[in-house]
Amino acid sequence: MKKIKMGMIGGGIGAFIGDAHRRASRICNDYELVGGVFDINYAKSMEFAVKEGISLARCYNSVDALIKGELKFPKNERMEVVAIVTPNAYHYLFAKKFLDNGFHLVCEKPMTITVKEALELEKLVAKNKLTFALTHTYTGYPMVRQMRDMIAKGVLGTIQRIDAQYYQGWINSIIHGTGSRITGVWRLDPKMAGASSCMGDIGVHAFNLIEYTTGLEVKEVLSDLNSVKDGVTLDLDGTILLRFNKMLKGVIRSSQVCAGEENNLSIAVYGSKASLKWSQENPNYLYMLHDSEPTKVFKPAHGYNDKLAEEGHTMPAGHPEGIYEALANIYRGTAKSIRKEKFKPGEFPTVHDGVRGMKFIHAVVNSNAKGNVWTKV
Ligand SMILES: NC(=O)c1ccc[n+]([C@@H]2O[C@H](COP(=O)([O-])OP(=O)(O)OC[C@H]3O[C@@H](n4cnc5c(N)ncnc54)[C@H](O)[C@@H]3O)[C@@H](O)[C@H]2O)c1
């Protein structure tokens with residue numbers, strides 16, 4: 001099948017997530033990277049293009065130049081989809097330009113800086129009938145998809161509590177002056193990151209994972225955020241109480257300063273009949289707990305799994321797959337949508353998930369600013 005011609009904004013030499021996007025797009029084998037604006041510095045962008053074997057004619061020095069250049073190509077040679085993997089502050093600006101000019105998008109989270117911008121993108125996607133995938137990467141794991149299916153089938157009974165946690169530690173050494181990391185530190189700058197560091201960067205993944213696996217919407221939040229050290233303007237840590245309905249509550253705990261923690265995202269959904277627990281650092285195990293039975297472990301590549309979970313694991317059972325394959329599953333679903341093939345709900349997070357994420361981040365920041373009060377999402 002003809003490959004989908006893809007562009008990338010950001011993701012040049014030394015960047016973090018752009019490389020994962022490229023690997024994922026190759027794993028699913030539906031895309032061909034043809035050009036982009038790979039770095040804020042044009043010389044570095046060209047250095048990257050040469051290294052990747054990308055034609056310098058399609059290594060542009062700005063998004064405007066890229067759009068102008070690509071629109072000159074006949075449709076079957078033109079870039080069809082663009083992956084935006086820059087810091088947060090550029091997502092809306094670039095996404096709007098691409099959507100206005102008929103390009104499909106894969107965009108990193110958080111989708112925008114404000115809720116207004118997010119709603120605007122949602123409208124544009126619908127109006128221009130384009131595909132917009134938001135890379136909440138963890139929804140691509142087979143066992144997360146299995147969890148979603150089991151909850152939708154009512155296996156847990158009535159859900160009584162939801163508990164998600166996302167702990168990292170890498171910013172701890174930055175604020176205490178003992179770390180040497182240079183990339184990604186823009187997350188502490190409100191002009192680049194937006195209204196939040198911890199909740200905007202990782203708390204929002206935990207929020208998305210809750211809504212993705214349970215199909216429920218968080219209605220209200222009460223947050224207690226912490227910037228941890230004098231001179232830090234954004235939150236680096238916090239706890240958020242969640243209300244779904246009168247009888248269902250939950251919590252998100254998230255931090256970027258838990259020394260020694262790596263990428264400790266986990267979720268537990270407790271029901272009247274049983275419970276499910278999943279953790280990102282061991283993503284191929286989904287645990288089902290009962291009051292009166294031994295714990296069951298679900299694993300990928302077994303016939304007992306849901307079809308979407310099964311399709312998301314390419315090797316036979318016992319061959320561990322991980323983060324690149326999870327992101328590749330999102331890229332695969334996105335390709336189906338771009339090609340106007342049939343796809344199932346949940347194959348990739350959409351612009352609507354982006355709107356939900358922005359509403360969550362702003363509700364959390366407002367709740368904290370008003371003195372830790374219940375705030376509608
Ligand atoms: N889905 C996930 O799990 C996940 C993981 C990490 C990061 N992210 C998100 O991905 C985005 C990028 O994060 P990162 O850690 O890779 O950042 P990074 O700092 O490592 O890389 C950013 C890249 O964007 C380039 N860039 C910056 N401004 C640009 C501009 N105006 N034009 C073109 N290129 C520009 C930089 O030169 C660099 O190549 C963020 O929005 C972040 O929240 C998501």
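# Two domains, two sheets: worked exercises

The C-alpha centres of domain 1 and domain 2 lie 27 Å apart. This is a predicted model, so local features need pLDDT of at least 70 and side-chain atom pairs count only at pLDDT 80 or more, while totals for chains, interfaces and linings use all residues. Residues are numbered from 1 along each chain as its sequence is written.

## Exercise 1: the domain contact

Work out where the two domains run and what domain 1 brings to the contact with domain 2.

*Solution.*
- Start with the bounds: the assignment gives domain 1 as 4–137 and domain 2 as 141–304 + 351–369. Such bounds come from an automatic or database domain assignment.
- Next, count the contact: 21 residues come from domain 1 and 21 residues from domain 2. Two residues are in contact if their C-beta atoms, placed from the backbone, lie within 7 Å.
- Now look at the elements: on the side of domain 1 that touches domain 2, α5 (115–128) and β5 (132–134) each supply at least two residues. α5 gives the most, with six residues. Helices (H or I, at least four residues) and strands (E, at least two) are DSSP runs, numbered from the N terminus.
- Finish with chemistry: that side of domain 1 has 14 nonpolar, five polar and two charged residues. Here Ala, Val, Leu, Ile, Met, Phe, Trp, Tyr, Cys and Pro count as nonpolar, Asp, Glu, Lys and Arg as charged, and the others, Gly among them, as polar.

## Exercise 2: around the ligand

Describe the shell around the ligand.

*Solution.*
- Count first: 23 residues surround the ligand, and the closest are Gly10, Ala15, Phe16, Ile17 and Glu108. A residue is near a molecule if its C-beta atom, placed from the backbone, lies within 6 Å of it.
- Then sort by class: the shell divides into nine nonpolar, ten polar and four charged residues.
- Last, check the domains: domain 1 and domain 2 each give at least three residues to the shell.

## Exercise 3: the five-stranded sheet

Which strands stand at the edges of the sheet of five strands, β2-β1-β3-β4-β5?

*Solution.*
- Read the order: this is an open sheet with parallel pairing. Two strands pair if DSSP finds at least two bridges between them.
- Pick out the ends: β2 and β5 each have a single partner strand, so one side of each is left without a neighbour in the sheet.
- Add the geometry: the twist averages 20° from one strand to the next. Axes are lines fitted to C-alpha atoms, for helices over the stretch in contact, and angles run from 0 to 180 degrees between N-to-C directions.
- Try one pair: four bridges join β3 (residues 81–84) to β4 in parallel, and Val81 has His104 as its bridge partner in β4.

## Exercise 4: the nine-stranded sheet

Trace the mixed sheet, then see what packs on it.

*Solution.*
- The order is β13-β12-β11-β10-β6-β9-β8-β7-β14, in an open sheet. Its edge strands, β13 (296–298) and β14 (375–376), each pair on one side only.
- Take β6 (residues 159–167): eight bridges join it to β10 (residues 264–271), antiparallel, with Tyr166 partnered by Leu265. Seven bridges join β6 to β9 (residues 248–255), this time parallel, and Arg161 stands opposite Lys249.
- Move on to β7 and β8: seven bridges join them, antiparallel, and Asn226 stands opposite Asp237 in β8.
- Now the helices. α9 (residues 198–214) touches β6, β8, β9 and β10, its direction making about 150° with that of β6. α12 (residues 351–369) touches β7, β8 and β14, at about 65° to β7.

## Exercise 5: odd backbone spots

Find the cis peptide bond and two residues other than glycine with positive phi.

*Solution.*
- The bond from Lys109 to Pro110 is cis, with omega near -15°. Pro110 lies in the loop between β4 (104–107) and α5.
- Asn29 has phi near 65° and sits in the loop between α1 (17–27) and β2 (31–37). Asn29 counts as partly exposed because it has 13 C-beta neighbours inside 10 Å. The scale is: buried with 20 or more other C-beta atoms within 10 Å of its own, exposed with 12 or fewer, and partly exposed in between, with C-beta atoms placed from the backbone.
- Val228 has phi near 70° and is found in the loop between β7 (220–226) and β8 (237–245). With 17 C-beta neighbours inside 10 Å, Val228 also counts as partly exposed.
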